[in-house]
Every structure is written in C-alpha cells, then in structure tokens.
Amino acid sequence: MLHNWLPALESPGSYLRVCFLDFSKAFDHIDHNILLRKLLEMGVRRSIIRWICSFLSQRRQAVKLGGMLSKWAPVHAGIPQGTKLGPILFLVVVNDLAYSSPLRSNHWKYVDDITTAEVVLRGSSSYMQSDLDDAYFPFVNGRCHF
C-alpha cells in the first residue's frame, strides 16, 4: 500500500483518498451454503468439502453470564474463530468481491478488512463512492450473505 501511496503524496496537485472497511462480526454471518457453492466452483475436491461440512455442522453454543448458563442452541451460520481454517474459508467468501464488480480504485484484502485507495488529480472525478457501493452491496443483495 505504501509503495502505491507515497508517490501520490509527493506529487503536487494530487490527492490520496483512503477508506478502511472492517466487516464487523463477519465470521459469524457466513452462509454455509454460499461457502460450499464457492468451494465447488473453485474445484475443491468433494472429499475436502465433506470434511469442511463436518467442521461446520452440528455446532452449538450457549452464553454464560455470571453463574448462569443459557440453553444450548444450534449454530446454522458462521465460521469458528480462532481456528486455522476460519480465515481461509472467510477469504473464499470475499475473494470474488473485486471480480464480480471490478473496483476502479486499488484495494487490499486481509481476512475481514478491505482497504481501498485512489489517487485523484486536481479537477478529476473520484470513483471512491461507487467502489464503496460495489464493495457494500454484494453483501446486502445476497451475493455474499453477511
């Protein structure tokens, strides 16, 4: 990112616009069916997909507050955090973000964070807002189901 940004900061008449996106609770909202469809589209072997299904299925959770424990409830979405597989599966879900609707600004993805940046010359138009719309709406319209 810095190699991209520094020349822009040193050029007179150019402006650098940066936006940091953090998908809060993103791991908790991944739709398993969409994840599995994307794994199949990527050509992942069915034996590995069955293993991932086993990893994601029949999970339950409860909440403990003070000395009280809630009833156990099934978990139908999301990826367990703190696992080695979790970030990889999350990246499978968001990896096509820039391909389904190409972003015009530069972007960098890291787990549940995306940074977009563009250099705007004085008097030029900015594409940042339309790129942010493209980055946000895939998750709202059901393409990624966060």
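Where in the chain does Q58 sit, between which helix and which strand?

**View 1. Q58 sits in the loop between α3 and β2.** Everything in these close-ups comes from a predicted model. The loop that holds Q58 links α3 (46-56) with β2 (59-61). Take a look at the backbone here: Q58 has a positive phi of about 55 degrees, even though Q58 is not a glycine. The residue is also exposed, with a relative accessible area of 80%.

**View 2. Three strands line up as an open sheet in the order β1-β7-β6.** The pairing in this sheet is antiparallel. At the edges you'll find β1 (14-22) and β6 (106-110), each of which pairs on one side only. Going from one strand to the next, the twist averages 15 degrees. As a reminder, strands of a sheet pair through backbone hydrogen bonds, and they can do so in a parallel or an antiparallel way.

**View 3. Zooming in on how β7 pairs with β1 and with β6.** On one side, β7 (residues 113-121) runs antiparallel to β1, and the two are joined over nine bridges. To find your place in that ladder, start from S14, which stands opposite L121 in β7. The pairing of β6 with β7 is antiparallel too, this time over five bridges. A handy marker there is W108, whose bridge partner in β7 is T115.

**View 4. Helix α1 and its nonpolar patch.** L9 belongs to helix α1, which covers residues 2-10. Together, L2, L6 and L9 make a nonpolar surface patch of about 310 Å². Is L9 buried or exposed? With a relative accessible area of 56%, L9 is exposed, because the cut-off for that label is over 50%.

**View 5. Helix α4 is largely enclosed by the rest of the structure.** Why can we say that about α4? Seven of the ten residues in this helix (residues 85-94) are buried, so the rest of the structure largely encloses α4. If you want to pick them out, the buried residues are L85, G86, L89, F90, V92, V93 and V94.

**View 6. H32 and its surroundings.** You'll find H32 in helix α2, which spans residues 32-41. At 12% relative accessibility, H32 counts as buried, because that label applies to values under 20%. Which residues does H32 touch, not counting those up to four places away in sequence? They are L56, R59, H76, A77 and G78.

**View 7. Y127, in the loop that follows β7.** This loop lies between β7 and α6 (128-140). Y127 counts as partly exposed, at 39% relative accessibility. Leaving aside neighbours within four places in sequence, Y127 is in contact with R104 and E118. Now check the spacing to R17: Y127 and R17 are 110 residues apart along the chain, yet their C-alpha atoms are separated by 10.0 Å.

Terms used. Residues numbered from 1 in each chain as written. Predicted model: local features only at pLDDT ≥ 70, side-chain atom pairs only at ≥ 80, totals over all residues. Heavy atoms only, no water. Patch = residues over 30% accessible without salt bridge, like charges linked within 9 Å, V, L, I, M, F, W, Y side chains within 5 Å. Areas by Shrake-Rupley, 256 points an atom, 1.4 Å probe, with all protein chains shown as cover. Salt bridge = Lys/Arg side-chain N within 4 Å of Asp/Glu carboxyl O. Helix = DSSP H or I, 4+ residues; strand = E, 2+ residues; numbered from the N terminus. Buried < 20%, exposed > 50% of the residue type's maximum accessible area, 1.4 Å probe, protein only. Pairing = 2+ DSSP bridges. Axes fitted to C-alpha atoms, helices over the stretch in contact; angles between N-to-C directions. Contact = heavy atoms within 4.5 Å.
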